[in-house]
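Subject: Structure handover

Hello,

Here is the structure we spoke about, with the sequence alongside. Please open it before reading the notes.

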Amino acid sequence: MYGKMHSACLYGIEGVMIGVEIDLANGLPQTNIIGLPDSAIREAVERVRAAVKNCGYRYPQQRITINLAPADLRKEGSAFDLAIALGILITSGQLIMPFAKEVLFIGELALDGSLRPVSGVLPMVEAARRNGFKAVLLPEGNATEAALIGGIHVYAIDHLRALPNSGEAQSNSALSIEGKDEQKLKVGGVSAEMPSLSSLPFPVSISRGMDANERPPVLVLSLEHLKYTPAHGTSEASSFEVNEMMDDYSDVLGQQHVKRALTIAAAGMHNILLIGPPGTGKTMLIKRLPSILPKLSESEALEVTKIFSAAGNLKDAHNGLLRSRPFRSPHHTISAAGLIGGGGIPKPGEVSLAHRGILFLDELPEFSRNVLEVLRQPLEDGVVTISRARASFTYPATFMLAASMNPCSCGYFGSGLTQQHCTCSPARIAQYRAKISGPLLDRIDLQVDVPRPKEWDRQGHVLSSAEMYAEVMAAQAIQAKRFKRLPISWNSELSGASLRRYASLSREGSQLLYDILENLGLSMRAHDRIIKLSRTIADLEGAQEITSAHLAEAVQYRNLDRQAITEE
């Protein structure tokens, strides 16, 4: 006897359809799982055996072979338990599901038959929709997350007993459908009208007039049931949401030039580094960056939510797709694998979890140099590729790097304070700054000094997040119109022909930039990044062309480059 079910697993952050083939043959009773399973899948034999028996079914005393196809792809996780259990029950004739081939089955089984949620459901369901599946059956704990994908029906159960014929071994009590379009069910040989559940791709119990021995119907969840409606209505992405608990730039007194730099960084998603003595507000300024960034678009929200789902970090799916841009702030003791991703079973790292958002590295020189160096490739390419002996995984990693650092080990170099003066020798200062390599520093567009504010006691105008957000959204609208036919969204993503087309310089501007490069000894990468930064500054002012003033402002933000030339 042969049967086939459909399940899924993760390959990187993408879902892959897996065929679960069941073969029952005469011979010594044993169960073998083939198809490159990991330890968790091999142990599914005992979980399924106990769950089937504890739910009143009969586990076949035959030679059972379970193949996970394609056989050359390594599988991992416990998401195949439900498909294996139902495949055995259907193949052995204890359960009838005429349309099982149209349904994706995902879920981990407990020994008592209850279903436990698994991670990575969102990309699995999205892959099922792409492959033409009409429905997915999974644990209740994953139902809300799965329903975020439109175009596919989501059904959830919390226990194997919620399925028809649970606890009844007699074949004459099996539940079946009399034809695909008929509105009748047959329970124990007695026909009954089907109460508005004929569209289900698998049999369900009848909810009206149930006997004591009959099981409750399968819990049905649809997009309508799970649709999220904000308490205060839907807000447009272009409007600034006022939240009393949200950090606001009005809390930061002074530092107007730093707020200007942060506005530029947010408007073009440029990397930024704040340098200054302790207590000047570097961390406070960067932690308020999410308050001036636009919300994620629909495609970006799905992409980011898939990453969090694959990493097992999607804790609450009731609010729908993630709409706020991620803000990740790892501790400086993080390993290279934790930052970039990897491990025995590769998982997305912090750079991927910060995709389309911000990766904040506080006290940048305190991170291990080996850890910082792995940032060079994703900052340039926007993706991370992790290669293993049997597979290669690619994770998206397009993020804004925001970092802060002290000017020296003690923190007070150049502070100008008589009470707290720097005690570091020039060699010690050089050693401290050498923890950040030149190639990594070359990829940071804005390097801004954050001195101790002198105007903190003045009652002047304090720039708020709402004002900065309005400037960012105006610049972002210009970029959205400019790049509507390109697969990019921000000026920082310009390169090659698109950079020459949308950020071209006048003859005077080209000569000015050439002179600057010669005087400062900047690289060609810095050349392109200065042009992209100038394009963003021009967008903030609503200018179509990049002027010399825009270039001059962009160059003055490369603070460490200018300091290095001065020291030489």
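The notes below go through the sheets, the helix packing, an aromatic pair and two backbone details.

Please keep in mind throughout that this is a predicted model.

Sheets

Near the start of the chain there is an open sheet of 4 strands with mixed pairing, and its strand order is S1-S2-S4-S3. Strand S1 (2-11) and strand S3 (30-34) are the edge strands; each has a single partner strand, so one side of each has no neighbour in the sheet. From one strand to the next, the twist averages 20 degrees. Within this sheet, S2 (residues 14-25) pairs with S4 (residues 63-69) in the antiparallel sense, over 7 bridges. If you want a residue pair to check the register, Glu 21 has Asn 67 in S4 as its bridge partner. Helix H4 (residues 121-130) lies across S1 and S2, and its direction is at about 80 degrees to S2.

Another open sheet has 5 strands in the order S15-S18-S21-S14-S22, with parallel pairing. Here the edges are strand S15 (327-328) and strand S22 (446-449); each of them has a single partner strand, so one side of each is left without a neighbour in the sheet. Strands S18 (residues 358-361) and S21 (residues 400-405) pair in the parallel sense over 4 bridges. In that pairing, Ile 358 stands opposite Met 400 in S21.

Helix packing

Helix H19 (residues 524-540) appears in two of the contacts described here, one with H20 and one with H7.

The axes of H19 and H20 (residues 548-556) come within 8 Å and cross at roughly 120 degrees. An angle of 65 to 115 degrees would count as roughly perpendicular, so at its value H19 is classed as oblique to H20. The crossing of H19 past H20 is right-handed. On the H19 side the contact is made by Ile 530, Leu 533, Ser 534, Ile 537 and Ala 538, and on the H20 side by His 550, Leu 551, Glu 553, Ala 554 and Val 555. These residues divide into 7 nonpolar, 2 polar and 1 charged.

Helix H7 (residues 256-268) packs against H19 at an angle of about 100 degrees, with the axes 9 Å apart. H7 and H19 are therefore roughly perpendicular to each other. Arg 260, Thr 263, Ile 264, Ala 267 and Gly 268 of H7 meet Leu 533, Thr 536, Ile 537 and Leu 540 of H19. By class, this contact has 5 nonpolar, 3 polar and 1 charged residues. Leu 533 and Ile 537 of H19 are listed in the contact with H20 and also in the contact with H7.

Elsewhere, helix H2 (residues 44-54) packs against H3 at about 55 degrees, with the axes 10 Å apart. That angle makes H2 oblique to H3. The H2 and H3 crossing is right-handed. H2 contributes Ala 44, Arg 47, Val 48 and Val 52, which meet Asp 81, Ile 84, Ala 85, Ile 88 and Leu 89 of H3. The contact of H2 with H3 has 7 nonpolar residues, no polar residues and 2 charged residues.

Aromatic pair

How many aromatic pairs does a search of the whole structure find? It finds 3. One of them is Tyr 11 with Phe 393: the ring centres are 5.0 Å apart and the planes are at 40 degrees, so the pair is tilted. Tyr 11 is in strand S1 and Phe 393 is in strand S20 (residues 392-396), so this pair links distant parts of the chain, 382 residues apart.

Backbone details

Two places may be worth a look in the backbone. Most residues other than glycine have a negative phi, and most peptide bonds are trans. The peptide bond from Ala 69 to Pro 70 is cis, with omega near 5 degrees. Pro 70 is in the loop between S4 and helix H3 (81-91). Leu 36, a residue other than glycine, has a positive phi, near 55 degrees. Leu 36 is in the loop between S3 and helix H1 (39-42).

Regards

Methods: Residues numbered from 1 in each chain as written. Predicted model: local features only at pLDDT ≥ 70, side-chain atom pairs only at ≥ 80, totals over all residues. Heavy atoms only, no water. Pairing = 2+ DSSP bridges. Axes fitted to C-alpha atoms, helices over the stretch in contact; angles between N-to-C directions. Contact = heavy atoms within 4.5 Å. Parallel < 35°, antiparallel > 145°, perpendicular 65-115°, else oblique. Left-handed = near helix turned anticlockwise from the far one by under 90°. Nonpolar A, V, L, I, M, F, W, Y, C, P; charged D, E, K, R; others polar. Phe/Tyr/Trp six-rings, centres within 6.5 Å; stacked < 30°, edge-to-face > 60°.
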